[in-house]
Amino acid sequence: MNMADVGDVRLHYRIDGPEDGAPVVFANSLGTDMRLWDPVLPLLPKGLRILRYDKRGHGLSSCPPAPYKMGTLVSDAETLMDRFGFKDALFVGLSIGGMIAQGLAVKRMDLIRAMVLSNTAAKIGNPALWNDRIAGVKSGGIESLADAVMERWFSKGYMTNPDLELWRNLLVQQSNEGYIGCSSAISGTDFYTPTSGLRIPTLGIAGSDDGATPPDLVRETTDLIPGSQFHLMRKAGHLPCVEKPEEYAQTLTDFMHATGHI
């Protein structure tokens, strides 16, 4: 386990692979930590240099007081990539991680040469929706939202999988303050205009049964970027890397080949 002090927060991170490997950065969703990518990483090509981290207020990272700004979350990723030499990387972001990818691609073109926008959008929900969820966490903790979150995260077929309990436990073990902080960041973000100005290789990934960022929303954002690709994963929800890791890994691998990243 490694911690990086980036000012007002200490971020838990992990780097795997050789120093000269093709750089790939993974940013996970609200309510999860870097273990979200565990099902996928063993299925990717060998020799990649992979950076994962827990967002502020999540996993083993420290938890500054809420609320957070999306610009702050972008800066956290930027600082880690600068510190550990991740230039011209493929950035894979899921949900809020995909929003971080968009913000960072606009801010630092030298850091990201291609990106995967997985189960995300330029704008997710609206302030009223996020205010309701924040109020729910303040009054009853994440536990009070957990069952509804599972239904948004996973397809009906996966809801009977015994592994569902692992992901529910992962969610409720996150910090209430961190969840509120990142929810506030999502609430205040609208990247439609800046994302439409990007001109980098982009792949959108959506789950057909995603209750948080439906396929049409993901496609709408991906289509903002000329020349982008889109892949729909059928019978998968908001976390297709969990439900269908083989297909997810193959989709990432094909994109790496298509963009010359490997």
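**Exercise 1. Arginine 35**

Leaving aside neighbours within four places in sequence, which residues is arginine 35 in contact with? Place arginine 35 in the fold as well.

*Solution.* This is a predicted model, where local features need pLDDT of at least 70, side-chain atom pairs count only at pLDDT 80 or more, and totals for chains, interfaces and linings use all residues. Residues are numbered from 1 along each chain as its sequence is written, and side-chain values use heavy atoms, with hydrogens and water left out.

- Step 1: Find the loop between E3 and E4; arginine 35 sits there. Helices (H or I, at least four residues) and strands (E, at least two) are DSSP runs, numbered from the N terminus.
- Step 2: Look for heavy atoms within 4.5 Å, the cut-off for contact. With neighbours within four places in sequence set aside, arginine 35 contacts Trp167 and Leu170.
- Step 3: Check accessibility. Arginine 35 counts as partly exposed because its relative accessibility is 45%. Buried means under 20% relative accessible area, exposed over 50%, and partly exposed in between (1.4 Å probe, protein chains only).
- Step 4: Compare sequence with space. Glycine 59 is 24 residues from arginine 35 in sequence, and their C-alpha atoms are 9.0 Å apart.

**Exercise 2. The sheet**

Give the strand order of the open sheet, then name the strands at its edges.

*Solution.*

- Step 1: Pair the strands; two strands pair if DSSP finds at least two bridges between them.
- Step 2: Read off the order. The 8 strands run E1-E2-E4-E3-E5-E6-E7-E8, with mixed pairing.
- Step 3: Go to the edges. E1 (2–5) and E8 each have a single partner strand, so one side of each has no neighbour in the sheet.
- Step 4: Add the twist, which averages 25 degrees from one strand to the next.
- Step 5: Inspect two pairs. E3 (residues 23–27) and E4 (residues 49–53) run parallel, joined by 4 bridges; phenylalanine 26 stands opposite arginine 52 in E4. E7 (residues 202–207) and E8 (residues 229–233) also run parallel, with 5 bridges. Glycine 207 has methionine 233 in E8 as its bridge partner.

**Exercise 3. Helix H1**

Test the length of H1, then list its buried residues.

*Solution.*

- Step 1: Work out the expected span, which is 1.5 Å times one less than the number of residues. For the 14 residues of H1 (residues 70–83) this gives 20 Å, and the end C-alpha atoms are 20 Å apart, so the two agree.
- Step 2: List the buried positions in H1: Met70, Leu73, Val74, Asp76, Ala77, Glu78, Leu80 and Met81.
- Step 3: Recall the helix repeat. An α-helix has 3.6 residues a turn, so residues three or four places apart point the same way.
- Step 4: See what H1 lies across: E1, E2 (10–16), E3, E4 and E5 (89–94).
- Step 5: Look just past H1. Glycine 85 takes a positive phi of about 75 degrees.

**Exercise 4. The cysteines**

How many disulfides does the structure hold?

*Solution.*

- Step 1: Search for cysteine sulfur atoms within 2.5 Å of each other, the criterion for a disulfide. The structure holds 0.
- Step 2: Take cysteine 63. The nearest cysteine sulfur belongs to cysteine 182, 8.5 Å away.
- Step 3: Take cysteine 241. The nearest cysteine sulfur is again that of cysteine 182, 17 Å away.
- Step 4: Compare accessibility. Cysteine 63 is partly exposed at 33%, whereas cysteine 241 is buried at 0%.

Conventions:
Axes are lines fitted to C-alpha atoms, for helices over the stretch in contact, and angles run from 0 to 180 degrees between N-to-C directions.
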